[in-house]
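User: Please take a close look at the part of this model where the protein chains meet one another and the DNA. I would like a connected account with the cut-offs stated.

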Number of protein chains: 2
Amino acid sequence: MLQMHDHTNCQSCNQRFNSVFCKAREEYVNLINEQKVCNVYRKGQTLFNEGSNPFGVFCINEGKVKLSHLGDDGKEQIIRLLKQGDVLGYRALLSGERYSASAVALEDTQICFIPKELFISVLKQDAGLAFEMMKLLSDELHKAELKITHLAQKPIRERLAETLLFIKETYGYEDDGITLNVRLSREEIANLVGTATESAIRLLSEFKKDGIVELDGKKIKILKQKELIRTANLQD
Amino acid sequence: MLQMHDHTNCQSCNQRFNSVFCKAREEYVNLINEQKVCNVYRKGQTLFNEGSNPFGVFCINEGKVKLSHLGDDGKEQIIRLLKQGDVLGYRALLSGERYSASAVALEDTQICFIPKELFISVLKQDAGLAFEMMKLLSDELHKAELKITHLAQKPIRERLAETLLFIKETYGYEDDGITLNVRLSREEIANLVGTATESAIRLLSEFKKDGIVELDGKKIKILKQKELIRTANLQD
DNA sequence: GGCAAAATATGATAAAAATCATATAGCCAC
DNA sequence: GTGGCTATATGATTTTTATCATATTTTGCC
């Protein structure tokens, strides 16, 4: 049986990280705490599927999740990486559409589920939370628009460097201070960068040859972060 | 002197199109109507610049606007095309950041300006409007994520076809029922597709040779819409 | 532990797209 | 209208990237 420390309580969540829900008024936090349903998803398990009807929002308590589209030819495009405290499933709910992306656990993950009706009603009553939600959406939109520009204008080498830095921003390093704190397949890295798997592998090998990274299976160590930033050619 | 029909009145706007602001409660529509400032921007004039501080939101009364990022190497990436009834400038305001994009009039355009404080305060009081705003943001986010997938996975030929269809969706046809109702330079089309100007020109020529479009300067006529849809290879 | 399947790696080749070059057409100012 | 500038067009070439092919390594599993 999977053992995970029990944090399935919105009050304790608030102390651990800054979820949008923490910004709700106390009475609503309590309401959410009562009605939520918590579950553990094993690595590779699906939270929801592209094309199905949204039934609520998810809040990650512990673990990591990827959110991805399936392209017209069936190729996966990873559009977001999520960690503890992050909320997902709200996009489709707010638009009143079916899920446009699938969510899959990248490792064993503990997640709370908040039913659609509750989420909507709290959002309608709590202007502060609504504002935080708008801010969250705006931030995501900003990131998406930056990604559009980079996909359109930057070569794959720069995008891979940027992606590695993005993974580092999202999940940080392990205790050694250099190993990226997530295990992604080369294919997943490619689907994040927006390139062919072979190209991602090839460029990672080049980065290794240049001493920028060290590769040990799915473990990626960033040896020269500055060089990586230079390679990513970031202005912003 | 530029002559434009005077629609600078939120009540009459409501009858003409469905702006988010039309969804506000009547008292707030009236408040906005009183405090807004209307102006005409000539073709090519800038509403706001990437990097500057947001001072409010704009609502297009009549005309067309492009919203674009500057890539790290100075190349423009057009991220949105806007028409009458559309609102812009809210992204940065809600995120509490500087503008991440510039807005430029594509033709002579009449625009109302709503000051930041008013926008925020109405948004905080009117839950219905806040909800519409979240819906708007969610829809934009969805579009952006689709675009990311297409940029990452589709060849330029398909993306150009898709872009032409997108322009048609946004601005429609002129009275003849086939001419796209906007004038964009080849460079702007390329910056919408995310490709080099020469590639956009070349592929447009191919579309013309295939009888899919007819080119007459900046006028683009869609002769075979079905063929264009097939070329875009859209699933969704 | 050892086998099969999957993931990673790397080379060769093909395809796609950008860049460079140059010609022509359209447009604005005078 | 004319000159000069800019936008469009098109060909040639190079660069980038994807695809195909084939090892090699890793991983899950009995």
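Analyst: The account below takes the contact between the chains, then the DNA surfaces, and then the core behind them.

The model is a predicted one, in which local features require pLDDT of at least 70 and side-chain atom pairs count only at pLDDT 80 or more, whereas totals for chains, interfaces and linings use all residues. Residues are numbered from 1 along each chain as its sequence is written, and chains are lettered from A and ligands numbered from 1 in the order in which they are written.

Between the two protein chains, 36 residues of chain A are in contact with 36 residues of chain B; contact requires that the C-beta atoms of two residues, placed from the backbone, lie within 7 Å. On the side of chain A that touches chain B, two or more residues come from each of strand E5 (76–82), helix H3 (90–95) and helix H5 of chain A. Helices (H or I, at least four residues) and strands (E, at least two) are DSSP runs, numbered from the N terminus. H5(A) gives the most to this side, with 20 residues. By class, this side of chain A holds 14 nonpolar, 12 polar and 10 charged residues. Here Ala, Val, Leu, Ile, Met, Phe, Trp, Tyr, Cys and Pro count as nonpolar, Asp, Glu, Lys and Arg as charged, and the others, Gly among them, as polar.

A turn of 180 degrees with a shift of 0.0 Å along the axis lays chain A on chain B with an RMSD of 0.0 Å, the superposition being by least squares on the C-alpha atoms of residues with pLDDT of at least 70 in both copies. The two copies are therefore related as by a two-fold rotation axis. The same surface serves both, since 100% of the contact residues of chain A recur in chain B.

DNA strand C is surrounded by 18 residues, of which A:Arg186, A:Ser205, B:Pro155, B:Glu198 and B:Ser199 are the closest; a residue is near a strand if its C-beta atom, placed from the backbone, lies within 6 Å of it. Helices H7 (186–193) and H8 (197–209) of chain A, and helices H6 (156–171) and H8 (197–209) of chain B, each supply at least two residues of this surface. H8(A) provides the largest share, 5 residues. The surface near DNA strand C divides into 6 nonpolar, 5 polar and 7 charged residues.

For DNA strand D, 18 residues surround the strand, and the closest are A:Pro155, A:Glu198, A:Ser199, B:Arg186 and B:Ser205. Two or more residues each come from H6 (156–171) and H8 of chain A and from H7 (186–193) and H8 of chain B. The largest share near DNA strand D, 5 residues, belongs to H8(B), and the surface is made up of 6 nonpolar, 5 polar and 7 charged residues.

H5(A) also enters the largest nonpolar core. That core has 133 residues, among which A:Val65, A:Met134, B:Val65 and B:Met134 touch the most other members. Helix H5 (residues 127–153) of chain A gives the most to this core, with 11 residues. A nonpolar core is a set of buried Ala, Val, Leu, Ile, Met, Phe, Trp, Tyr and Cys residues joined through C-beta atoms within 7 Å; a residue is buried if 20 or more other C-beta atoms lie within 10 Å of its own, exposed if 12 or fewer, and partly exposed in between, with C-beta atoms placed from the backbone. Beyond its neighbours within four places in sequence, A:Val65 is in contact with residues including A:Leu47, A:Ile60, A:Leu82 and A:Thr109.
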